[in-house]
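Here's a friendly walk through the structure shown below. Keep the 3D view open and look up each spot as it comes along.

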Amino acid sequence: MAMNREDAFENVSGERLLVRLERFTEVVYGITVLQLLLSLQRPEAEQLLNTTVFHQYLLGQLPMFKLYLATFVLVIIYWQSHVRIFQCFRRCDSLMLWLQMTGLMALAVVPLVNDLQGLVPGDIATQLLYSVVLGCVGIVNILLLLHGSQQRHLLVKC
């Protein structure tokens, strides 16, 4: 069965949109990781000159550093998931685009909720917000997979 011009255009534009969406997503993940790194407090020069003060500084930064590591690992796991999911798709449609944008919106807030967790450790509201935001990123990945299973024309043929 021959493809008409409109179907051919939709295939090409869907493939180009997928490439653009993938690139945009990579940038947002990179910026998120960079913002997480920048949230760590750097020591002042005077703190580096005095060993005792420097050790106190390091001990004071330990909770935030642990939080940074945990959040970094979660973001990287989600990034790996994103890479695997996008390997399954050969083109993009508008629902996939909006699903991914929703996930990126949540991902962009991760550095903020990470900072809140560090500023108010143990606060139930910030813990809940942290969990909800990171959970949204994961839920969007699941929704993308479900969408692909319903729209097989978007997937790579195996």
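## A greasy spot on the surface

This is a predicted model. A good place to begin is the outside, where Ile139, Ile142, Leu143 and Leu146 make up a nonpolar surface patch. Together, these four residues offer about 370 Å² of accessible area.

Take Leu146 as one of them. Leu146 sits in helix α5, which covers residues 124–150. Its relative accessibility is 48%, so Leu146 counts as partly exposed; the cut-off for calling a residue exposed is over 50%.

## Two helices side by side

Now for how helices pack. Two packed helices are described by the angle between their axes and the distance between the axes.

So how do α4 and α5 cross? Helix α4 runs over residues 94–119, and its axis comes within 8 Å of the axis of α5, with a crossing angle of roughly 160°. That angle makes α4 roughly antiparallel to α5, because anything over 145 degrees counts that way. As for handedness, α4 passes α5 in a left-handed crossing.

## The one salt bridge

How many salt bridges does the structure hold? There is one. The partners are Arg91 and Glu15, whose closest N and O atoms are 3.8 Å apart. Arg91 lies in the loop between α3 (51–88) and α4, while Glu15 belongs to helix α1 (residues 5–38), so this pair ties together parts that are 76 residues apart in sequence.

Are the two partners buried or exposed? Arg91 has a relative accessibility of 8%, so Arg91 counts as buried. Glu15, with a relative accessible area of 35%, is partly exposed.

## Two residues of helix α4

Back to helix α4, which is home to Trp98 and also to Val110. Is Trp98 buried or exposed? Trp98 reaches 59% relative accessibility, so Trp98 counts as exposed. Val110, on the other hand, has a relative accessible area of 0%, which means Val110 is buried.

You can also check some distances in the 3D view. From C-alpha to C-alpha, Trp98 and Val75 are 20 Å apart in space, with their positions 23 residues apart in sequence. For Val110 and Arg152, which are 42 residues apart along the chain, the C-alpha separation is 32 Å.

## A last stop in helix α3

Finish the tour at Phe54, which has its place in helix α3. How exposed is Phe54? With a relative accessible area of 24%, Phe54 is partly exposed, because buried would mean under 20%. Phe54 and Glu44 are ten residues apart along the chain, and their C-alpha atoms are separated by 9.3 Å.

Methods: Residues are numbered from 1 along each chain as its sequence is written. This is a predicted model: local features need pLDDT of at least 70, side-chain atom pairs count only at pLDDT 80 or more; totals for chains, interfaces and linings use all residues. Side-chain values use heavy atoms; hydrogens and water are left out. Patches are made of residues with over 30% relative accessible area and no salt bridge: like charges are joined within 9 Å, nonpolar side chains (Val, Leu, Ile, Met, Phe, Trp, Tyr) within 5 Å. Accessible areas come from the Shrake-Rupley method with a 1.4 Å probe; for residues, only the protein chains shown count as cover. A salt bridge is a side-chain nitrogen of Lys or Arg within 4 Å of a carboxyl oxygen of Asp or Glu. Helices (H or I, at least four residues) and strands (E, at least two) are DSSP runs, numbered from the N terminus. Buried means under 20% relative accessible area, exposed over 50%, partly exposed in between (1.4 Å probe, protein chains only). Axes are lines fitted to C-alpha atoms, for helices over the stretch in contact, and angles run from 0 to 180 degrees between N-to-C directions. Angles under 35 degrees count as roughly parallel, over 145 as roughly antiparallel, 65 to 115 as roughly perpendicular and the rest as oblique. A crossing is left-handed if the near helix is turned anticlockwise from the far one by less than a right angle, and right-handed if clockwise.
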